[in-house]
Amino acid sequence: MAKGFKNEERYKIHNQYFEGGVSIDPKIGVANSFYQSQNLDFRSVPSQLSVLPGARTVATNLQDNLTAIVQDVNGVRYGVGNNGGVYRINTSNVVSKIAQLDSNGAAGMYYNQVTDQIYIPSQTSVSLYGQVTTGNPGNPTFRSSVFGKSASIAAGTNQLWNSYTSSWSGGARNNAATAVNTVGIQVGITSTSQVTTNATQTYTLPTTLTESGLSYCYFSPDIEPFYSIAVYVTAKGTGNWTLKLHDSLNNELASVTVSNANLTSGAYNEFVFGSQIRATVNASQTGNTGTYHFHLTSTVADGTVGTLNASDMTSADFLLFAYRLVQTNNGWHPTAYFDGTGLPLLCIGNGRWLATYNFGNDQQPNNAQFNRHALQFAFGEEVCGLTKNNQYLVIATEKRSTNANRNFQEGVLYFWDGTTTSPNFKIPIPMGAPYGVYTFNNVTYFCVAGSLYAWSGGQTVIKVRKLAYQNTDYLNAVDSTIVNPNMLTSRYSLLMIGYPSTTTNVNINYGVWSWGSVELSFPNSYGYSYSLASNIQNNNTSGITNLQIGCVQNFVDNLYMSWSYTDAGGITRYGLDLVDNFSTPATSFNWQSLIYDGTVIYKTKIGTRYKIKFNSFPAGYTLRPYYILDRGTPVYASDTPKVGDTDILMEVTPGRFKEIQWGFTGTSSGATTPLVISGITMEIEPIPDEVDLRKDTQS
Amino acid sequence: MSTSDATFKNAPNASLMFTMYSTTFGNGAFELLPPATGNMEDGFPSIPYLSLEAIIYQQQSSNPLSSPNQTIAGVSAGQQMIGSSQVAQDSTTTPRYYVGTQTTG
């Protein structure tokens, strides 16, 4: 308890218990908290600090920063990288590249133990790799973009508008909706060769575009984003053909020209758009004010397109092809297995949609089996994470700007039980994007604007604590901090938080932070537990820029951390780090106390001695105690303990202060056992005979 | 800080269940730090520990989320078909009042 100034006994400010973890304030926190620690275990045995195992780099032969890692039943692990590389991590942690996706990776990967396939989304499609443990062991097949483009077979595109029934119940342009494969199965229409035209009439293409009468073909799509429109060309004539896609306001969305030499008469000819065309789907439809329409013109008015009605372009035979996945601004298609319907579903974040695949046909799923638009979210939202909580799939969405200097501040958590056509409920997250959503102990955690949040029922989310910053005042830079979808994991009953993936905030240290308690009697606490093997924690360290952590994934005692950075020579380096039971102690560690002022900051005190008590000092370590007076420069001890020592004592001189803080830094090299610190003590002379209130300059 | 003081400040969080906390208004039971007494402390000041689990438990019990609308437990998928019609006729069997889908005439 408090002591009066007249008490001449020297104070011993003693840190012997550490279960409070890192405090957010430099002076005050829960009992037995401290200001900072790195790579130290303060939780397993709360009465001591011990050096945690350090990460070691197991691979630098990557061309990617891994953003998702899964394991097959034989223990082989697979990762997908941000640049689209697919890697195999064998049981000896030897990493080899096994495939390249058609585009960048999308932070999603799922292993189905029954089909023995790994499902890997890229930017616009899904590829398969397998069988990985059965079939032809050691030689799985990579099937690139198996779930690629497919054609709409919905009435809004496949059939003509029927003005009598006010529905798309007119004649079918072709047999796409009923086409079956050789064994009678209705598979996805991925090629025009699967379709037979119903066109018996023709429409002669004009040379100029007009928005009138029967001069264009309108439709109401059920899928997006558009990949192409394939038109049945009856006779190509002699001119070059141009297809222009318009919305209902006649805004031009795309224009594609195919030269006459590349056209084929009596066949479908595909007009492939240069990039994905985003669209609204299943919109309310009223006949000839279709949500979208396209025109066809030719440089010579002698080409004809197949139609159902003579000289009627609205009845043209065409197929609308769409990508399976949306190219998102955030570049992500997170994956999760979910069976809320009672049936297995692979759920894939798909921009403002949730896509689901029911494992119905790995070769050529139709649009019902691979449902691009099982759920829809608000325009502009993009899924940034998936997890599960009780019977719900939790879908985190953000809005991602294409300008890193002008970020949105919007996010939503959607909850879906799998049985409805819209989410069961949602919780807006106006604080920002809910990143890294992950459920641990049935509490869903996520990172928003520098803080850790949690939800486990109820109407509101709970702000657990500051992760890195409460605000970015005076940063003198635009903060853009992103956490990838697979950055949170659990290890030894603790929540591990890889933070951040990328940031422009120079005040944030990259690494893996931990949250939790050793058992219920001790508090949940927070600390920096694992740095990258290189111990690079910030940009601009040794000229390093663009530091990124791709994902953090734990398998029992194996913790993987993937990373990339651009070195001083401008070369981008990629690697994979691992912490496991064969790891040696972290090569660098540190700890710092709260600032002590005796709750009488106005009064001068004197620090006299500083002692760190530890178990027999192991070989391979250095330990440098230091103290800081009045927030000045650290004063380090001149020596480090010798092997077998059990303490180190440091004189504090000159020791007059209003505030004092102490700590230590350490290194290890070749050490095999952890350094265990059992007490940290600062001795204070309260100097009760001095006048308390004096000018600081008089002290 | 004496042991009894520490125990008091870190009272079992079950008791915090019964104090004021809401995620809207925060911790109403938070111990405000009094002005310094002028006595010099021989340790660090501390604040009460508030367990996340206690908050979650309290929130779930006092602020529950509405359940999805389900009239039959476990079943929320299905459809209701209305395909019939009702016709009121006068003494000459001429339809005078029609409810439903008129398919003829």
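**Figure 1. Accessible surface of chain B in the predicted model.** The accessible surface of chain B amounts to about 7,700 Å². Carbon and sulfur atoms contribute 57% of that surface. Among the 105 residues of chain B, 18% are buried.

**Figure 2. Secondary structure and contacts of chain B.** Chain B contains three helices and four strands. Along the sequence, these elements of chain B are arranged as α-α-β-β-α-β-β. Of the contacts in chain B with a separation of 6 or more, 40% join residues 24 or more positions apart.

**Figure 3. Surroundings of A:N174.** The view centres on A:N174, which lies in the loop between α1 (155–158) and β17 (201–204) of chain A. Because its relative accessibility is 2%, A:N174 counts as buried, the limit for this class being under 20%. The side chain of A:N174 forms a polar contact of 2.7 Å with the side chain of A:N158. Leaving aside residues up to four places away in sequence, A:N174 touches A:N158, A:V195, A:T196, A:T197 and A:N198, as well as A:Y268, A:D317, A:F318 and A:L319.

**Figure 4. The largest nonpolar core.** This core comprises 62 residues. The members that touch the most other members are A:L413, A:Y445, A:I497, A:Y499 and A:W515.

**Figure 5. A second nonpolar core.** Separate from the core of 62 residues, a second core consists of 39 residues. Among them are A:Y11, A:F34, A:L675 and A:I680.

Notes: Residues numbered from 1 in each chain as written. Chains lettered and ligands numbered in written order. Predicted model: local features only at pLDDT ≥ 70, side-chain atom pairs only at ≥ 80, totals over all residues. Heavy atoms only, no water. Helix = DSSP H or I, 4+ residues; strand = E, 2+ residues; numbered from the N terminus. Buried < 20%, exposed > 50% of the residue type's maximum accessible area, 1.4 Å probe, protein only. Contact = heavy atoms within 4.5 Å. Areas by Shrake-Rupley, 256 points an atom, 1.4 Å probe, with all protein chains shown as cover. Polar contact = N/O pair within 3.5 Å; in protein donor to acceptor, adjacent residues only side chain to side chain. Core = buried A, V, L, I, M, F, W, Y, C linked by side-chain atoms within 4.5 Å.
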